[in-house]
Each structure stands twice: as C-alpha cells, then as structure tokens.
Amino acid sequence: MISQRLRHAAAAILVCISLASTVRAAEAPRLVQKDGRHALMVDGAPYLVLGAQINNSSSWASTLPQVWPALEDMHANTVEAPVYWEQMEPAPGKFDFSTADLLVKGAREHHLHLVVLWFGTWKNGNMHYAPQWIKTDTKTYPRVINAAGEPIDVLSAQSRNNLEADKLAFAALMHHLAEIDGDEHTVIMVQVENESGIVGSPRDYSPASNREFAGPVPADLLQALHKQPGTWQQVFGGRADETFQAYHQAKYVNEIAAAGKHEFNIPYYCNVWLAYPVSELPERQVPNPGIGWPSGGPVQHILPLWKALAPSIDLIGPDIYSDNRQFYTSVLDTYARPDNALWIPETGYGDSYAPYLFLALGKGAIGFSPFGVDRTGWTWPPAGAGQHDLDPSKISPRAHTANYEQLAPMAREVARLNFEGKLKTAVDAAGMPEQELDFGPWKASVRFGFPENDGRPAPGTPDHSGRALVAQIGPDEFLVTGVEASVFFHTEGHLPGIRSQILQTEEGRYENGKWVPLRLWNGDQTDRGLNFHRSQNAVVHIKMGTF
C-alpha cells in the first residue's frame with residue numbers, strides 16, 4: 001500500500017514538473033524590470049544576448065552560407081539579421097516571406113536565437129529599402145522637403161500614406177513570424193526600422209509642415225517634457241527643428257510597433273545613430289542634426305521624448321562606433337535607465353571594442369553585438385563616428401570571439417546574476433590599472449597587466465584590454481573570470497590574506513546550467529591573486545573565509 005502511494009505521489013510530481021516545463025517553454029520572450037535592473041526573459045529565464053549582426057546585404061539564400069560559419073566560430077548565441085521591405089513587398093499587398101523563413105530556419109539549424117531587423121521607412125536616415133512602387137510614386141508617398149524646397153531621399157514622417165504602407169507590411173511580417181515561431185521562440189526581439197531619422201535636413205519643410213511648425217507645441221509633448229505652452233521655436237529654441245521631427249517620428253514608429261505587437265507580442269526596440277563629439281575647434285562645435293546624425297532619432301538628448309511618446313518600443317539601444325572610453329561610458333550611462341534596458345545592438349567589429357562588453361555588463365546590459373560578422377567580404381569600420389581607420393587590429397573579431405567563448409557556456413548564469421544585482425565588472429583604463437569592486441563585507445581588488453612585481457603598482461595593459469567579471473554566488477563565494485587581470489579578495493580595512501583566507505578555488509565550466517569542476521587552484525595560482533592570462537580563458541569558483 002505504501003509503495004503504491006509512493007508511486008502515485010511520484011507520478012503526480014512528474015506531472016507537475018512536466019506542466020511547469022510546458023508553461024515555461026510556452027512563455028514568449030519578454031523584458032522584466034526589478035529595482036532598476038532588467039532582464040530579457042527567454043523561455044522563462046534571463047538570457048544574455050551574445051550577438052553578432054550580419055552585414056546589410058547578407059540575408060539572402062546566396063550569402064547565408066557565408067554567415068553561419070562565422071557566427072559559430074565566434075561562439076555567438078544570437079544572430080541579428082535584416083528583413084528588407086523592398087524584397088518582402090515587391091508589389092502593394094503582395095508579400096514574400098522567404099527571407100524571414102530562411103533566417104528562422106537557419107538560426108534553428110545552428111542553435112541560435114534571432115533578432116529580426118526591419119529595414120522599412122528608414123535605414124540609416126534614408127529610404128533606401130522602400131519598395132520601388134513607393135520610391136517611384138512621390139505624390140502618394142511624399143518625401144521630406146529640405147529648407148531649399150527640394151525633395152530628398154527620405155520619406156516624410158508626417159505622411160499618413162507612408163505610415164500606413166510601412167505599418168501594413170510590418171504587421172504582415174509579424175503575423176507571419178507569429179505563425180512560424182509563436183511556440184519555438186527562435187525570434188527573441190525585433191528592431192523597428194534602422195537608425196531612423198532624416199539625413200540631409202533637420203525636419204520636413206513642406207508647406208503643411210511649416211504651417212504646423214509655426215503653431216503651438218502639442219499638449220502631449222509639453223506634458224511629457226514638462227514644458228510651458230508656446231510655438232515650437234518659443235519652447236525649444238535652437239533644438240526646435242529636431243524636436244519637431246522627433247515628435248512626428250517617434251509617434252510614427254510607435255504606431256508601427258503597436259500594429260506589430262498586436263500580431264507578435266515580443267520585445268521591440270529601436271537602434272540609434274548617435275550624436276558623436278564634433279571634431280572641430282571649440283567655436284565650431286555646433287550640433288548639426290540631419291548632418292551629424294539623422295534628425296529625429298532617439299539620440300542622447302532626444303531620448304526622453306522617445307521614451308515618453310513611443311510606449312510600444314520596449315527599449316532603445318545605441319549603436320556605438322567610437323572606442324573612446326569616455327564617450328563609450330557616457331553612452332552606456334545615458335541609455336541605462338530604470339525605464340530602458342541597456343542593449344548595444346551594434347558596436348565596432350575590432351579588438352578595441354571587446355572590453356566594452358564587460359563594461360556594459362557592469363552597467364546591467366542584457367546584450368551586446370558587434371556589427372559585420374560574416375564572410376561575405378563586406379566588413380569594414382562603419383561610417384558615422386569619423387574615428388576609424390583600416391588598421392587590421394580594429395577590424396578583427398578575435399577579442400570578441402575570446403569574450404564569447406569565455407561567457408557563452410555560462411551566459412544564462414551571467415544574465416541571472418546580473419538581474420539579481422550580484423555581478424560587477426572592471427575594465428582597464430588609462431590611470432586605472434587597479435580597481436576595487438564592493439560586495440559589502442567582501443571586496444574584490446582587480447589589478448591589470450603582467451608581470452606583477454611584489455610591492456609595485458600594477459602595470460596595466462598596453463591597449464587597455466584588461467577586464468574582469470566577479471559575481472557573488474553565496475555569502476562568501478564568487479564566480480570569477482577575466483582577461484589580463486588578477487583578482488584578490490579581502491575584507492573591509494584589511495589587505496588580502498589578513499584575517500581572511502581562501503578556503504577553496506575551483507576551476508571549472510558550466511554545462512547546461514550545472515557547474516562542472518576541473519581542478520583546484522592553489523600555491524602559485526592563488527598566492528598572488530587569481531591570475532587570468534589572455535590565453536587561459538579560465539573560470540573559477542572561489543570560497544573565502546575569515547579567522
């Protein structure tokens with residue numbers, strides 16, 4: 001009788017476990033927020049995007065065979081790839097979803113998740129991916145008129161026809177993705193447009209637009225930005241033209257996203273061509289929207305407007321193509337907000353950008369993605385920042401590959417620990433070869449560069465590539481990894497080894513969420529800190545104690 005009851009109880013437990021697993025697997029990707037931190041939930045658990053964006057013209061049957069091997073070699077877990085309006089809707093209302101199908105199928109075959117990029121009304125501030133029937137019918141689908149009264153290569157955000165055409169196509173694509181991926185969750189995010197805005201003019205100067213610009217600022221914008229009533233010029237002064245464009249553009253993109261979410265409700269985001277520092281004498285450093293960056297996009301100073309007026313856009317991610325530490329840090333700080341998960345959908349391909357993955361993780365990032373990862377031969381430093389050259393060290397993905405190889409096996413654990421607020425990072429910088437991470441009773445002192453001579457300051461790394469990641473996994477236990485870094489633990493007010501001791505240091509790896517020990521570190525491997533050389537790719541669990 002007891003044995004039979006036990007069998008029934010065991011069966012009931014298995015049913016509950018099975019149901020819980022089914023519920024978790026059926027959960028669509030979503031963003032969650034807690035105490036100002038964010039996580040991208042995929043199949044019910046935090047997910048870290050170790051992404052790779054392919055080149056603009058690589059989402060074709062003829063080129064995708066040159067994409068997948070590059071992603072595998074890089075140890076990416078997510079591919080970002082575009083779907084093109086011009087290909088998908090060659091005639092009004094006639095849809096061809098073959099590109100989307102190829103991307104979903106290929107991602108599944110290579111065990112990758114997929115971020116779909118919609119190249120619609122805007123691609124880098126222009127209308128280049130609009131279908132021919134849009135491009136050739138300027139009366140029905142009007143373009144932006146510049147201050148000289150000339151039409152330019154950008155669709156007007158104030159045209160209802162333009163909006164309805166894009167919205168119909170995007171909603172059709174999302175409906176199709178819901179049909180083919182609603183249960184499997186290969187697609188985890190969707191990018192709405194690409195670096196939207198106007199290149200060539202700060203706003204539309206059409207007669208209708210000029211009349212509206214001369215009138216009062218709409219009440220919803222005044223309320224969102226806590227401004228007093230007045231005309232655009234009165235309220236926004238020198239930023240009036242750009243703010244006017246941003247108002248219409250944010251609402252345009254938001255309506256497209258809302259239509260898409262009605263069909264396929266997963267996280268949607270916009271990426272941003274940033275406003276970079278002007279490389280001129282101080283008196284010439286004049287902001288120039290429409291020239292320095294696409295006017296109307298959610299650049300640093302326009303971000304609050306977009307967050308207020310585009311609620312269907314879940315997050316806004318900066319495309320960062322300057323490896324200047326001060327600028328990169330300022331961008332991360334701007335876009336890491338309680339109402340905006342930090343996500344870097346594009347960044348430089350070269351080694352000098354790789355340390356910024358660790359910097360971004362330390363600020364709570366849900367993902368990171370270099371641009372141009374494939375073998376089509378088209379990768380070079382993208383234009384925009386004006387700070388790139390053809391130095392091979394700046395166009396190689398070797399350091400990104402090392403990062404991903406190191407983090408990929410424990411990407412879920414890193415995402416969870418970051419969401420829980422238990423993860424911190426340090427990145428070498430000029431004048432900062434020694435840094436300290438605060439875990440309350442325990443401190444982690446990080447020193448960059450080798451050799452480290454006793455009693456002397458850390459040498460730092462010549463290219464400032466040193467980086468370290470430390471996460472607390474128990475009251476006195478930590479997960480540690482790094483590149484060209486040594487890590488020491490100590491308590492408040494004491495040096496390492498004074499009234500504290502290493503109880504055990506275990507090198508290992510994560511396999512399917514389980515820690516698998518490989519060996520113990522001791523002696524020379526721990527007496528002068530936990531040393532992580534570039535060639536090691538080691539991950540350790542360390543348990544500390546006091547006496």
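**Exercise 1. Is helix α13 (residues 355-362) mostly covered or mostly uncovered, and how many of its residues are buried?**

Solution. Welcome to this predicted model! Start by picking out helix α13, which runs over residues 355-362. Next, look for residues under 20% relative accessible area, the cut-off for buried. P355, Y356, L357, F358, L359, A360 and L361 meet it. That makes 7 of 8 residues buried, and the helix is mostly covered. Finally, step just past α13: G364 has a positive phi of about 90° there.

**Exercise 2. Find the largest cavity and describe its lining.**

Solution. Begin with the count: there are 2 cavities of 30 Å³ or more. The largest cavity holds about 90 Å³ of space. Now go to its walls, where 15 residues form the lining. Nearest the centre you will meet H38, G364, A365, A415 and N418; G364 is the residue with the positive phi just after α13. Then ask which elements take part: β2 (37-42), β3 (45-47) and α15 (411-419) each give at least two residues to the lining. Last, sort the lining by type, and you get 11 nonpolar residues, 3 polar and 1 charged.

**Exercise 3. Work out whether S445 is buried or exposed, and list its contacts.**

Solution. First locate S445 in strand β16, residues 442-448. S445 counts as buried because its relative accessible area is 16%, and the cut-off is under 20%. Now check its side chain, which makes a polar contact of 2.9 Å with the side chain of E436. To finish, set aside neighbours within four places in sequence: S445 is then in contact with Q435, E436, S486, V487, F488 and H490.

Methods:
Residues are numbered from 1 along each chain as its sequence is written. This is a predicted model: local features need pLDDT of at least 70, side-chain atom pairs count only at pLDDT 80 or more; totals for chains, interfaces and linings use all residues. Side-chain values use heavy atoms; hydrogens and water are left out. Buried means under 20% relative accessible area, exposed over 50%, partly exposed in between (1.4 Å probe, protein chains only). Helices (H or I, at least four residues) and strands (E, at least two) are DSSP runs, numbered from the N terminus. On a 1 Å grid over the protein atoms alone, a cavity is a set of points where a 1.4 Å probe fits but cannot get out, and a pocket is an open set with protein on both sides within 12 Å along at least five of seven lines; lining residues have an atom within 4 Å of a point. Grid points are joined across faces, edges and corners, and a volume is the space filled by probe spheres set on the points. Ala, Val, Leu, Ile, Met, Phe, Trp, Tyr, Cys and Pro count as nonpolar, Asp, Glu, Lys and Arg as charged, and the others, Gly among them, as polar. A polar contact is a pair of N or O atoms within 3.5 Å; within protein, one must be able to donate a hydrogen and the other to accept it, and residues adjacent in sequence count only if both atoms are side-chain atoms. Contact means heavy atoms within 4.5 Å.
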